[in-house]
Amino acid sequence: MPPLTGLHRREALRLLGAGIALAAGGCSRPDEEILPYVRQPEQLLPGVPARYATALPLSGWARGIHAIAVDGRPIKIEGNPLHPGSRGATDVFLEAAILDLYDPDRSRAPSERVAGIASWEAFGKAYARPLSEARARGGAGFRLLTGRVTSPTLLRQIAALREAMPDAAWHVHEPLDEANARAGAALAFGRRLRALPLLDRAEVVVCLEADPLGPGPDQIRLSSALMERRRDPARFGRLYAAEGLPTLTGIKADARRAVPPPVTAALLVHLANGFGAGLPAPALPEPERRFAEQILTDLRAHRERAVVLVGEALEPAFHALAHWLNARLAAPVAWIAPPDSPPGHEPGDIADLARDIAAGEVSCLAILGTNPVQTAPAGLGFSELLRRVGFSVQIGTHADETAGATHWHLPLAHDLESWSDLRATDGTASLVQPLVRPLYGGRSVHEILNLLTGAEARRGYDIVRETWQDHPRPAGGDFEGWWRRCLHDGTIPGSAAAPVALPEPALPTLPPAPAPCDLTLTLTPDPALWDGRCANNAWLQECPHPVTKQVWGNALLLSHGEAARRGVRDGQTVSLTVRGSSLIAPVAVVSGVADGVAGLSLGHGRARAGQIGNGIGVDGYRLMQAGAARVIRDVSLTALDGTREILRTQAYTQIEGETDKLFPRIDLAALASAEPKGDGSDQPTLLEPWTGDADGHAWGMVIDTMACIGCNACVIACQSENNVPVVGPEEIARGRMMHWLRVDIYDAGKPERIEAGFQPVPCMHCEHAPCEPVCPVAASVHDGEGLNLQVYNRCVGTRFCEANCPYKVRRFNFFGYADGQEYASLGAEPVRAQRNPNVTVRARGVMEKCTYCVQRIANERQAAERDGRPMGAVATACQSACPTRAIRFGDLNAPGSPVAAQRADPRHYALMAELNTRPRTTYLAELRNPLREDRT
Amino acid sequence: MAQIFRPGADTLARVTLAGIAVVPVLAVGLATTLWRSPYATAQDVTREQPVPFSHEHHVGGLGIDCRYCHTSVEKAAFAGIPPTETCMSCHSQIWTNAPMLAPVRSSLAEGRPLVWRRVHALPDYVYFNHSVHVAKGVGCSTCHGAIQTMKLVRQVAPLTMGWCLDCHRNPAPNLRPREAVFDMTWTPPEDQAEQGARLAAAYHVKSPARLGECSICHR
């Protein structure tokens, strides 16, 4: 704001006059316009949400969704219950994809590096020569680089391209590839295979650096299977974790040890030896040996019901050893041929491509939907190599780092704008259908690959349909009917990969134990930005890290012990050096990190992500070595003088004895004797007693903290559904945030042995709401169904309610976060199209909070009233997003209400029951099955 | 000693003192009057439209049902404004060359929507639902008045929150049998108080207390 200067008399009068004129003019209504259709689409009801089944990829793997559109604008994404990859739930990446669709930073036209904005015709002309030259050589020198491809149509197109140009080559670069898992399976079975652990059948799950509950393409499938089984106390089993950094799996584990990767590897060898592997006994510290013995006891007692999972931090030989061990255990793991590598057409990797470019063998390179300049290991020097290619083109939704290094850039359509098909991790195929025409003039991958092969232009729809023309259909079914059924359901029946019967896996030869090293750096996927492709998504940038609660950036995670040993504080900057490349990063001191291990998440610190993501955080890829290993040994760390604020949404505090009260945990052994705790209505209160319902409904929510894996899907779902604005890093630094639902983390353990858990906190909708009596304008009131309402048009912004709310769930619009003072590019016209028209966009100076998705309740109530039927079930946005069904919402008065039944569960409790606020949102306590030596 | 004040100063002082007492009251009165006046509520304001569509002719004269054009009134919150196609379903046969209809013809030919000016505008934080009102026996004419007599549509009701609540707190006088909802000439029977109460019970109209709650219209 410019400094205030004194006004001249005339200027002051002029402003006064203008003010009076505006005030008087403001009384009359502005003119509004109504634009009807010229030809209205059939079945379309104006303003009524319509659902379309489609699929969205993460690292190429499909997750089926229902995209919800209002008047042709996609506004929300929900899971498709018929799809095995989403099971009706979502994760943060799916929820946030809707914001990517409208991102004003998406590229809008083809561009040439020197000339700037160009046209598709100009590209066609420029591309004609390199293409004809490559064709004349049978494709020699022509290279295609893509991300992981599971699309049957794209695989068919690539196969056709290689048929036309036999010497052309295809390479795949997926930054967070499962290279070690793939190599491990090949080592054990001698062929390419993909493991599908069946966690619904495994009772003892041993995760060695593996994070099945963590972010990734399989998070929904695996976490839902695991938690579904754990709901049954008889099959609760035990979840073990040994890992260097706290993952979601580690936090949910019943027994966890924070150890560096070599110790985890040794632990696995010890387990294998327990089943007769006869490998040289590794050096294992005594506590870990005892831990391994406990695991062995459990594994032996649970044949066919136990599984050992190994993560990318361990080398391929250990993956192979785990497969051997799982075979001994007859573990519930299905094996399939990998859906992303068709037999006979296995792609090369980026290291091959780099070698060929260095050898001068590449003259024409097309990079489709991947960003190697940013995400290739820095050790490869890919951006330097790219300059040696005669003709290069990058095709992507954004003009990213790679686009800055290639000759041409072509805009790619978003997955919600184009026809395509994708496969899930189990091979199930889905059709991808567009909800809108490309907003920014991009084309689909299929249309672009068609263009790259020089074929006649065809519509993506025709190309995709052609792929499925000969797919086996039920006898007598016509193609059109089958196609429409597949589009409607979102999956193609019978397309899942058939499990492969396998011989006994071979016992691998293990690499020699590495020499002890000072500090090991583990590079992890970012829980919000994944590999960096989501960096320009403001919802994800402001989505708190599940463990550190950091937003807008990443930090080097160190344990308390390690930080003390090196004399660094939280927020202090350090310099990390690996073989000549170095990086300056702030330190975040976090419980649960193993001593001797440092963690850094990838995907931050991008230079050309867009207005939101540019320069936020530090770029871990700069330290990645040529082999793309995620564990880097012998990192040297130098403490620097500077500090950088770590922006967190939950402050780290130690409260003696309070954790057990706020976040009760029950041991499985004590479950039988547990009693449900009331909601505190026996406590005295000064607040006005709440009187019953006018017409019978009583909305309530029960959150099962045992099932909550802290994935944040609910947080982003709420943001998407309820037009919750992003405030930006400056406002976060001032302690302001707008999320209506937050996920708190509590840790009752010690820094070196955490006993943590997650607690999602939406508005409690207290029957004795402390926010209500303090509002001077009655903007905070109750309705007859038990909702605590916030009436925006009454609110004058005193913030008394926020001060009086014991749960701290009220959020204040200090600025017009959603209404004129949006962060960065979020005020752009296209972004507004994402907003849910059924929810008010709150103005500056107004308090807001969770409404229990009152618009969804109202829609269902109105539909029921209109049709003269009783109200059906209502699902809040957070509930429908939750992969583990931890959140249940419903009518407490309905007969047979599952929410009411949960309120009688022995694990039931109300948060801060002693206040007698009679919250409608209540909880089920965390349930654990700890080892005897861990019991507290 | 010379006089400081002229004789008129007394009067001035009295007027000023009276003004201090009266002006704020008047200002508040003026503001509320202005706020509820047609100037602010746009009540009885007739708006020019790109095509002077006459409800008097189409509804009063030809007797076309409301739902022929406002197709979603029974199914959705928004009653619906007909697409150009609906107009042209008749006007491709009759009055095909009327200059008055030139914008409609060019809309269809060019694929550009007609731009109507909204007559009944509610604030954005109000979520009014046509389908529920129609299902509960609130007739079109209850809020929209005698549309069949209007050459150009005007808003007959003030559409203020107070006006909405008058009915929400006591719906019986405004309820009619469902089959009469689209009857523009319906008049309440002698025993409307009784009939209304009977209909409110038959159609499960919620209690006045419930209908007066904020969450019924605001979210």
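**View 1. Where chain B meets chain A.** In this predicted model, 43 residues of chain B are in contact with 37 residues of chain A. On the chain B side, the elements giving two or more residues include the helices α1 (9-36), α2 (38-41), α5 (84-91) and α6 (102-110). Further along chain B, the strand β1 (116-117) and the helices α7 (130-135), α11 (208-211) and α12 (214-217) are also on that list. Look for α7(B) here, since this helix gives the most to the side of chain B that touches chain A, with three residues. Sorted by class, that side of chain B has 23 nonpolar residues, together with ten polar and ten charged ones.

**View 2. Residues 12-35 of chain B.** An unreviewed UniProt entry places the feature "transmembrane region" at residues 12-35 of chain B. In the model, this span is 100% helix and 0% strand. Its end C-alpha atoms lie 32 Å apart. The helix α1 of chain B, residues 9-36, is among the elements that give two or more residues to the side touching chain A.

**View 3. Domains 3 and 4 of chain A.** Chain A is divided into domain 1 (111-176 + 342-489), domain 2 (194-336), domain 3 (520-643) and domain 4 (674-934). This close-up turns to the last two of these, domain 3 and domain 4 of chain A, whose C-alpha centres lie 32 Å apart. Their contact takes 17 residues from domain 3 of chain A and 18 residues from domain 4 of chain A. On the domain 3 side, α17 (538-541) and α18 (560-566) of chain A each supply at least two residues. The residues of that domain 3 side comprise nine nonpolar, six polar and two charged.

**View 4. Helix α3 of chain A and its bend.** Helix α3(A) covers residues 120-136, and its 17 residues should span 24 Å at 1.5 Å a residue. The end C-alpha atoms of α3(A) are 24 Å apart, so the model agrees with that expectation. Along the way, α3(A) bends by about 35° at Ala128(A), and Pro130(A) follows within four residues. Just after the helix, Gly138(A) takes a positive phi of about 70°.

**View 5. The buried residues of α3(A).** Which residues of α3(A) are buried? They are Tyr127(A), Pro130(A), Leu131(A) and Ala134(A). Pro130(A) is thus worth finding again from the previous view, as the proline that follows the bend at Ala128(A). The strands that the buried residues of α3(A) pack against are β7 (142-146), β16 (364-368) and β17 (391-396) of chain A.

Note on methods
Residues are numbered from 1 along each chain as its sequence is written. Chains are lettered from A and ligands numbered from 1 in the order in which they are written. This is a predicted model: local features need pLDDT of at least 70, side-chain atom pairs count only at pLDDT 80 or more; totals for chains, interfaces and linings use all residues. Domain bounds come from an automatic or database domain assignment. Two residues are in contact if their C-beta atoms, placed from the backbone, lie within 7 Å. Ala, Val, Leu, Ile, Met, Phe, Trp, Tyr, Cys and Pro count as nonpolar, Asp, Glu, Lys and Arg as charged, and the others, Gly among them, as polar. The expected span of a helix is 1.5 Å times one less than its number of residues. The bend at a residue is the angle between axes fitted to the seven residues ending there and the seven starting there. A residue is buried if 20 or more other C-beta atoms lie within 10 Å of its own, exposed if 12 or fewer, and partly exposed in between; C-beta atoms are placed from the backbone. UniProt positions are given in the numbering used here, feature names are shortened, and annotations may be inferred rather than shown by experiment.
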